[in-house]
Amino acid sequence: MADKKQERNAVCGQLQIAFDPPKKPKRNKYATACSFLASLASILLGYDIGVMSGAIIYIRKDLNINDVQVEILAGILNLYSLIGSAAAGRTSDWIGRRNTMVVAAVIFFVGALLMGFATNYAFLMFGRFVAGIGVGYALMIAPVYTAEVSPASSRGFLTSFPEVFINAGILLGYVSNFAFSKLPAHLSWRFMLGIGAVPSVFLAVSVLAMPESPRWLVMQGRLSEARTVLKKTSESPEEADLRLSEIKEAAGIPECCNDDVVEVPKRSKGDSVWRELFVSPTPAIKHILLTGLGIHFFQQASGIDSVVLYSPTIFEKAGIKSDTDRLLATVAVGIIKTIFILVATFLLDRVGRRPLLLTSVGGMVMSLIFLSIGLTVIDHSDGTVFWAIALCITMVLVYVALFSIGAGPITWVYSSEIFPLRLRATGCGLAVALNRITSGVVSMTFLSLEKAITIGGAFFLYAGLAGLAWVFFFTLMPETQAKTLEETEELFGTFFKWRSTLRELKAKEENNNAQIQMATVPAVGS
């Protein structure tokens, strides 16, 4: 009798283990440190956006340039960055993810110094060209490296770091504007732009403490080094072995091959990558490409760079006339963006990508509409309308907060985790290129758009584009939370029917778990 009771208790204990949800593992400190250091690259873009919003006030005065020249100066870096992001995909596959960050830092360092010592508009534009290439390299490589080094359980948290540092860079740029605003006009903007060389030095030095991406190491056939990095960046030795197995499979290396260095099949380079993306893509690749490019387009088309880059102009239209006061108000924008992006990093792996993204974009639509109303009322009033001024300032802060909690970080997280290994560098490079093109168009048309349809009309237009973005995200983008980078591809290929695909995958997983549990119970009683 006692034996049967012990047997029943053993069976119950086994079933309890099987049915109890696993405890959430602690975040891997080594992977967190690597992601933190890699994401320093994103400060370069953030600083340039933030500092240029204030610098153009003094550049306009010192160099006596018109609105069109201001628009081109402010937004052209985004188009210049296309060269860097296009080259970064090939460079990162050639010399590695880590060394590509050094390239980004060196190029931006030179560009910042050129801008700081510029003597005229043409010289300044050349400095923007060089800095733009460095920004393009940094934008592409930071999320790719972070996604490849992160364990699945905390990938959302870690791959949101680049967006955190973009916001930190924007805040630093705003603070720099305010700090140097008291200098003479011919010195203030040169100090604002030239000091941008400092973050690139920190980035170059930080690379010394970082390992190479395990996925890149596998692609080079350096399995021993990849295994070492995976053991440090995984939650357990079992997860490290599983990640290595999945990467080897994606790279075309036989599972039985455990040599330290192996020959990798030459199947994912050059023309074959472009052929798989555009000439003969599978339904899954088509779906991935559409969503990966679409999320980057809509992130910028919703007008975030117009708000961030031209916030002094917006505050001037809202009734704040003093240069110093407007720059101080932009510091508040930077603080709000930074606070809410930090909040987002802790919600990504708890709430999921879709709920945060849809909530964020829906809120952005409403805040843009109210901002448009406030600016329109002020524009058509002869006197001071205090409630409209307060509404405009509040809506700017609400808009950047909502962007930072969802659309900002999730764009980089999502696009970096949906492309298969063989296509990731090129796919992410294309996504970043579209991001920069859209940002450049938005940045270089805002002042002209504001004159053509009024500033209120411009933000009504952005609200409409944000509404389209919400529909796109809701209908086409599956949830990728807690999926490995290799599992994610299975969610794509059915476009608007992705929900039925997800249900089939869940049913298959539940069936497999049930079979495992049924096999476990007899084993206990035998």
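Here are some numbered notes on one bent helix, the aromatic pairs and the salt bridges of this predicted model.

1. **The bend in H3.** Helix H3 covers residues 43-63, and a kink of about 40° is centred on alanine 55. If you are looking through the helices, that is a good place to pause. H3 is also mostly covered, with 17 of its 21 residues buried.

2. **Just past H3.** Asparagine 64 follows directly after the helix and has a positive phi of about 55°. Arg60, which falls within the 43-63 range of H3, belongs to a network of salt bridges together with Asp67 and Lys451.

3. **Aromatic pairs, a stacked example.** The model has 13 aromatic pairs. One of them joins phenylalanine 180 and phenylalanine 191 in a stacked arrangement, with 5.5 Å from centre to centre and 25° between the planes. Phenylalanine 180 sits in helix H8 (residues 161-180) and phenylalanine 191 in helix H9 (residues 185-194), with their positions eleven residues apart in the chain. Phenylalanine 191 has a relative accessible area of 42%, so this ring counts as partly exposed.

4. **Aromatic pairs, an edge-to-face example.** Phenylalanine 298 and phenylalanine 473 meet edge-to-face, at 6.2 Å centre to centre and 85° between the planes. This pair links distant parts of the chain: phenylalanine 298 is in helix H15 (residues 283-301), phenylalanine 473 is in helix H22 (residues 446-476), and they are 175 residues apart. Both partners lie under the 20% cut-off for burial: phenylalanine 298 has a relative accessible area of 13%, and phenylalanine 473 has 3%.

5. **A cluster around that pair.** Phe298 and Phe473 are also part of a wider group, as ring pairs connect them with Phe297 and Phe472 in a cluster.

6. **Salt bridges, a buried case.** There are ten salt bridges in the model. In one of them, arginine 97 pairs with glutamate 148, and their closest N and O atoms are 2.9 Å apart. Arginine 97 belongs to helix H5 (residues 97-116) and glutamate 148 to helix H6 (residues 121-149), so the bridge ties together parts 51 residues apart in sequence. For anyone thinking about charges, the accessibilities deserve a look: arginine 97 is buried at 2% relative accessibility, and glutamate 148 is buried at 0%.

7. **Salt bridges, a partly exposed case.** Arginine 222 and glutamate 225 form a salt bridge through their side chains, at 2.8 Å from N to O. Arginine 222 has 28% relative accessibility and is therefore partly exposed. Glutamate 225, at 36%, is likewise partly exposed.

8. **Salt bridges, a mixed case.** Lysine 317 bridges to glutamate 450, with 3.1 Å between the closest N and O atoms. Lysine 317 lies in helix H17 (residues 311-317) and glutamate 450 in helix H22, so this contact ties together parts that are 133 residues apart in sequence. The two ends have opposite labels: lysine 317 is partly exposed at 37% relative accessibility, whereas glutamate 450 is buried at 13%.

9. **H22 as a recurring element.** It may help to view helix H22 on its own when you open the model. Phenylalanine 473 of H22 pairs with a ring in H15, and glutamate 450 of H22 is bridged by lysine 317 of H17. Lys451, which falls within the 446-476 range of H22, takes part in the salt-bridge network with Arg60 and Asp67.

Notes: Residues are numbered from 1 along each chain as its sequence is written. This is a predicted model: local features need pLDDT of at least 70, side-chain atom pairs count only at pLDDT 80 or more; totals for chains, interfaces and linings use all residues. Side-chain values use heavy atoms; hydrogens and water are left out. The bend at a residue is the angle between axes fitted to the seven residues ending there and the seven starting there. Helices (H or I, at least four residues) and strands (E, at least two) are DSSP runs, numbered from the N terminus. Buried means under 20% relative accessible area, exposed over 50%, partly exposed in between (1.4 Å probe, protein chains only). Rings of Phe, Tyr and Trp (its six-membered ring) pair if their centres lie within 6.5 Å; planes under 30 degrees apart count as stacked, over 60 as edge-to-face and the rest as tilted. A salt bridge is a side-chain nitrogen of Lys or Arg within 4 Å of a carboxyl oxygen of Asp or Glu.
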